[in-house]
Amino acid sequence: MLSDQDICSRIEAAFPPYRCVAEIWDYGQKLRFRVFSSNDEALITMAEVVVSSVRDSGALESLIADVKHRLDGRTNP
């Protein structure tokens, strides 16, 4: 089971060359993060991911893969 810090760290490191900022909020119940372009334009925003749904490494990697797929669609028309 991943800690809040592990989850945020993995997400923030998952989208190079883009910058990503992640935080746990809503009394530790939800995760939100944004992926930014090199000119600080928000490319993807995930606002209300339930933290308990990504405590498992496999579930977190699945979320990251889904967001990467969406990001590829936005940056490679």
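Which residues is Arg10 in contact with, leaving aside its neighbours within four places in sequence? Hello everyone, let me start with that one. The partners of Arg10 are Leu2, Ser57, Leu60, Glu61 and Ile64. Please keep in mind throughout that we are looking at a predicted model.

Let me stay with Arg10 for a moment. Arg10 sits in helix H1, and its relative accessibility of 34% makes it partly exposed. Ser57 deserves an extra word, since the side chains of Arg10 and Ser57 also make a polar contact, at 3.1 Å. If you would like a distance to check on your screen, take Arg10 and Cys20: they are 10 residues apart in sequence, and their C-alpha atoms are 10 Å apart in space.

Now the overall picture. We have 2 helices and 3 strands in this chain, and along the sequence they come in the order α-β-β-β-α. The radius of gyration is 12 Å, close to the 11 Å that the globule rule gives for 77 residues, so the chain is as compact as a globular protein of that length. For the C-alpha trace, the spans along the principal axes are about 35 × 20 × 20 Å.

A few totals, for those of you who like them. Of the 77 residues, 31% count as buried. The accessible surface adds up to about 4,800 Å², and carbon and sulfur atoms account for 48% of that. If we take the contacts between residues at least 6 apart in sequence, 36% of them join residues at least 24 apart. As for charge, there are 9 positive and 12 negative side chains, with the centres of the two sets 3 Å apart.

Let's walk along the chain from the beginning. Met1 belongs to the segment before H1 and is exposed, at 87% relative accessible area. Met1 and Asp72 are 71 residues apart in sequence, and 29 Å separates their C-alpha atoms.

After helix H1, which covers 4-12, a loop leads to strand S1 at 19-25, and Pro17 is in that loop. Here is a spot to look at in the backbone: the peptide bond from Pro16 to Pro17 is cis, with omega near 10°.

Next comes strand S1, and I picked Ala22 from it. Is Ala22 buried or exposed? Ala22 counts as buried, at 11% relative accessibility. Not counting residues up to four places away in sequence, Ala22 touches Cys8, Ile11 and Glu12, and also Leu31, Arg32 and Phe33. Cys8, Ile11 and Glu12 fall within the 4-12 range of helix H1, while Leu31, Arg32 and Phe33 fall within the 30-36 range of strand S2. There is a C-alpha distance to go with this: Ala22 and Arg34 are 12 residues apart in sequence and 6.7 Å apart in space.

Between S1 and S2 there is a loop, and Asp26 is in it, as is Tyr27. What is special about the phi of Asp26? It is positive, about 55°, although Asp26 is not a glycine. Tyr27 has a positive phi too, near 60°, and is likewise a residue other than glycine. On accessibility, Asp26 is partly exposed at 30%, whereas Tyr27 is exposed at 83%.

On to the loop between strand S2 (30-36) and strand S3 (42-50), where we find Ser37. Glu41 lies in the loop between S2 and S3 as well. Ser37 is buried, with a relative accessible area of 11%. Because the cut-off for buried is under 20% relative accessible area, that value puts Ser37 in the buried class. The side chains of Ser37 and Asn39 are joined by a polar contact of 2.3 Å. Beyond the residues up to four places away in sequence, Ser37 touches Tyr18 and Leu43.

Glu41, for its part, is partly exposed, at 41% relative accessible area. Where do its contacts go, leaving aside neighbours within four places in sequence? Glu41 is in contact with Val35, Phe36 and Arg74. One more C-alpha pair to try: Glu41 and Leu71, 30 residues apart in sequence, are 13 Å apart in space.

To finish, let me go back to where we began. Arg10 in helix H1 has Ser57 among its contacts, with a side-chain polar contact of 3.1 Å between the two. Thanks for listening, and I am happy to turn the model around with you.

Technical notes: Residues are numbered from 1 along each chain as its sequence is written. This is a predicted model: local features need pLDDT of at least 70, side-chain atom pairs count only at pLDDT 80 or more; totals for chains, interfaces and linings use all residues. Side-chain values use heavy atoms; hydrogens and water are left out. Helices (H or I, at least four residues) and strands (E, at least two) are DSSP runs, numbered from the N terminus. The radius of gyration is taken over C-alpha atoms; the globule rule is 2.2 Å times the number of residues to the power 0.38. Buried means under 20% relative accessible area, exposed over 50%, partly exposed in between (1.4 Å probe, protein chains only). Contact means heavy atoms within 4.5 Å. Accessible areas come from the Shrake-Rupley method with a 1.4 Å probe; for residues, only the protein chains shown count as cover. Lys and Arg count as positive and Asp and Glu as negative; His and the chain ends are not counted. The place of a charge is taken as NZ of Lys, CZ of Arg, CG of Asp or CD of Glu. A polar contact is a pair of N or O atoms within 3.5 Å; within protein, one must be able to donate a hydrogen and the other to accept it, and residues adjacent in sequence count only if both atoms are side-chain atoms.
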